[in-house]
Amino acid sequence: MTGLEKKFATINIDGYQKPLNTGSRYVPPQLRSEDAPNQPRHSQGNNRFNSNAPNRGSRYDRDPSQFRPRDRSPSTFSNSSDKPNRRWAGNRDFGKERQGFHNGYHSDSQSYRTKDNGAGYWKGGKHIHGDRNLRVEKELFGLAEDKDRLSTGINFDRYNDIPVEASGHDAPAPIDNFVESGLDPLIASNIELARYITPTPVQKYSIPIVAAHRDLMACAQTGSGKTGGFLFPILSELFKTGPPVIDHGPRNLYRARKAYPSALILAPTRELAAQIQDEARKFAYRSWARACVVYGGADIGSQLRIIDRGCDLLTATPGRLVDLIERGRISLSKVKYLVLDEADRMLDMGFEPQIRRIVEKEDMPSVEDRQTLMFSATFPKDIQHLARDFLKDYIFLSVGRVGSTSENITQRVEYVENEDKHSVLLDILHSMEQGGLTLIFVETKRMADTLCDFLMYQNFPATSIHGDRSQRERERALETFRSGRTPILVATAVAARGLDIPNVTHVINYDLPTDIDDYVHRIGRTGRAGNVGISTAFFNRGNKGIVRELTDLLKDANQEIPQWLGAIAREGSYGSNNRYRGRGGGRGGRGGFNGNRDYRKFNNNHGNNHNGNHGGNYSSNSNNGGGYSSNDNRGSWF
């Protein structure tokens with residue numbers, strides 16, 4: 001050793017110097033083989049700093065009797081013995097007969113608990129409810145004082161005065177409350193968590209109709225609870241009957257799983273599909289049924305991963321659903337319930353070829369082997385005629401007046417030329433009270449961006465939504481609008497259908513639509529669930545195509561009609577123009593077909609009418625397509 005190496009050898013690891021004759025000394029690495037030629041190299045491991053540690057020795061020096069075979073049972077590869085292991089196909093006995101797979105899960109129809117918080121399961125023909133989870137309940141149902149949750153308004157009790165008419169063969173009688181509705185106890189519990197006390201008129205009728213296994217075409221005014229009208233009875237029936245047993249045949253580990261939903265809900269827009277999914281998650285809470293949603297514009301990989309975990313109630317837009325069917329990831333062979341929400345738009349705005357492909361050309365059960373439900377605020381005659389291809393012996397449900405608007409909405413019409421719209425809009429926004437949300441509708445995507453930029457330049461916090469924005473941008477715009485960070489939303493028709501945004505107090509039709517039905521859906525974004533709202537429309541002679549329909553709509557809703565609007569409606573040059581008289585040849589109340597009447601009644605006007613006290617007039621007939629109960633005496637519909 002050199003002098004420096006000897007000096008280092010006398011220093012302990014703790015930093016103080018020890019005598020040279022001590023038994024523990026530092027040996028430089030290059031000298032260890034010289035000083036300790038007989039010491040095994042592996043003994044210099046973690047024990048070299050602890051002189052009292054035992055010498056581990058080599059594994060070849062151990063007594064062979066110490067060895068025992070490694071336990072290679074399936075349980076050693078799983079972190080929990082009470083959950084099936086995917087690597088070992090659910091710890092099943094390979095000597096027994098193979099059971100079915102339910103939506104990618106091995107077991108007897110998903111008989112074990114899933115990983116979702118608060119999820120239940122189906123086992124031995126019984127529905128085992130999941131445990132309550134306060135965190136999940138707060139996420140799904142919120143708190144009573146949350147402003148972003150829609151609550152019933154001061155006029156909710158007036159729903160009992162809304163006229164209701166049900167026509168068709170042996171239409172079931174309506175219910176009066178949720179307690180005596182015959183719903184599954186779990187769905188009744190979730191309805192209570194959502195703080196729904198009284199069913200709306202459309203729900204009073206739709207629940208017994210679905211329970212009676214009848215098809216339904218429901219026309220109910222905006223904000224009347226149509227989403228609950230089909231979710232409540234469908235989920236209740238699924239909770240009672242359980243999931244279908246699906247036999248996939250021999251399992252292929254390299255083949256992607258395929259989902260087999262029991263219920264399919266089709267929606268025309270991404271935003272409406274996402275909204276229905278939020279409601280479905282609420283009322284499927286603690287149940288075996290898993291709710292999923294797929295729509296275009298979003299990452300398809302993440303949607304496929306969600307479907308792989310199980311999909312029992314699927315909400316979809318037609319385009320994305322066709323894509324997943326072509327990929328072999330979704331099968332419609334087990335669909336028991338088909339729902340078309342905003343059905344008139346689905347069948348009239350270019351979706352008909354896709355709808356026909358999904359319903360008629362894929363593996364969906366035939367019309368005789370499934371229940372089909374259609375909901376909308378307007379059902380023109382030609383759409384009803386088209387929809388009958390997907391229905392069997394259906395019941396037509398009409399809720400509210402003339403496919404119209406709620407009287408909770410105060411409708412105002414202002415005559416404004418195009419060049420004056422900016423200044424009039426600023427006057428309205430400056431005069432509004434703080435705290436509410438304002439939704440402004442325009443006709444074109446360019447105008448939506450232009451008007452949004454103008455409002456932001458005028459120091460109004462605004463955002464926009466239209467079809468050219470990415471899905472992430474659209475979701476971000478709706479999120480900031482709901483939360484109130486941007487209380488003004490400029491939108492095209494993409495936001496006119498079905499969106500249920502709380503606290504929307506004012507709807508402004510900056511550009512009036514060319515179809516009166518679109519006007520009905522637009523202003524229906526306010527005044528929902530008994531709340532009050534305001535609608536303002538900018539009218540000029542460029543909107544003469546809907547002047548008569550608009551006048552009659554205001555009259556039906558007991559709204560004030562400006563004198564100048566009535567004068568324009570009486571002008572012969574505009575009154576005789578039937579070009580825009582609605583897709584059904586004109587709206588009801590004006591000698592034309594009404595968008596919420598059963599067109600089958602035109603073929604048979606000799607039915608038996610019965611009046612009931614269940615929120616309006618109750619009409620039934622022993623003949624298919626029977627009679628119709630009406631308060632007007634116009635004689636002919638055409």
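## A walk through the fold, from one loop residue to the sheets

R195 is partly exposed, with a relative accessible area of 36%. That value, like the others below, comes from a predicted model. R195 sits in the loop that links α4 (185-193) to α5 (201-211). Its backbone deserves a look, too: R195 is not a glycine, yet its phi is positive, at about 65°.

This loop falls in a stretch with an annotation. In UniProt, an unreviewed entry places the feature "domain: DEAD-box RNA helicase Q" at residues 176-204. In the model, the span 176-204 is 45% helix and 0% strand, and its end C-alpha atoms lie 6 Å apart.

A second residue with a similar backbone story is N459. Like R195, N459 is not a glycine, and its phi is positive, at about 70°. You will find N459 in the loop between α14 (445-457) and β15. Is N459 buried or exposed? With a relative accessibility of 69%, N459 counts as exposed, because the cut-off for that class is over 50%.

β15 leads us to a sheet. Which strands make it up, and in what order? The order is β13-β18-β17-β14-β16-β15, an open sheet of 6 strands with parallel pairing. The edges are held by β13 (409-415) and β15 (462-465); each has a single partner strand, so one side of each is left without a neighbour in the sheet. On average, neighbouring strands here are turned by 20° against each other, direction ignored. As a reminder, strands of a sheet pair through backbone hydrogen bonds, either parallel or antiparallel.

Start at the β13 edge. Strand β18 (residues 533-539) runs parallel to β13, and 7 bridges join the two. To find the register on your screen, look for T410, which stands opposite I534 in β18. Lying across both β13 and β18 is helix α18 (residues 563-570), which runs at about 70° to β13.

Now move inward to β14 (residues 437-441), where 5 of 5 residues are buried. Which residues cover its two faces? L437, L439 and F441 are on one side, T438 and I440 are on the other, and all are buried. On one flank, β14 pairs with β17 (residues 504-509) in the parallel sense over 5 bridges, and L437 stands opposite V504 there. Strand β16 (residues 488-491) also runs parallel to β14, joined to it by 4 bridges. In that pairing, T438 stands opposite I488.

Let us turn to another part of the chain, around strand β7 (residues 263-266). Its side chains alternate: A263 and I265 point one way, L264 and L266 point the other way, and all are buried. β7 has a parallel partner in β10 (residues 337-341), with 4 bridges between them, and the bridge partner of A263 in β10 is Y337. β7 also pairs in the parallel sense with β9 (residues 313-316), again over 4 bridges. Here L266 stands opposite A316.

Two of the residues just named return when we look at packing. Which residues does I234 touch? Setting aside neighbours within four places in sequence, I234 is in contact with V210, A263, L313, Y337, V339 and L373. I234 also belongs to the largest nonpolar core, which has 53 residues, and the residues with the most contacts inside that core are F230, I234 and L397. Helix α6 (residues 226-241) gives the most to this core, contributing 7 residues. Apart from this core lies another, of 40 residues, among them C219, I307, L321 and I358.

C219 brings us to the cysteines. C219 counts as buried, at 0% relative accessibility, and C452 counts as buried too, at 5%. How many disulfides does the model contain? With a cut-off of sulfur atoms within 2.5 Å, the count comes to 0 disulfides. For reference, a disulfide is a covalent bond between the sulfur atoms of two cysteines.

Note on methods
Residues numbered from 1 in each chain as written. Predicted model: local features only at pLDDT ≥ 70, side-chain atom pairs only at ≥ 80, totals over all residues. Heavy atoms only, no water. Pairing = 2+ DSSP bridges. Axes fitted to C-alpha atoms, helices over the stretch in contact; angles between N-to-C directions. Contact = heavy atoms within 4.5 Å. UniProt positions renumbered as here; feature names shortened; annotations may be inferred. Buried < 20%, exposed > 50% of the residue type's maximum accessible area, 1.4 Å probe, protein only. Core = buried A, V, L, I, M, F, W, Y, C linked by side-chain atoms within 4.5 Å.
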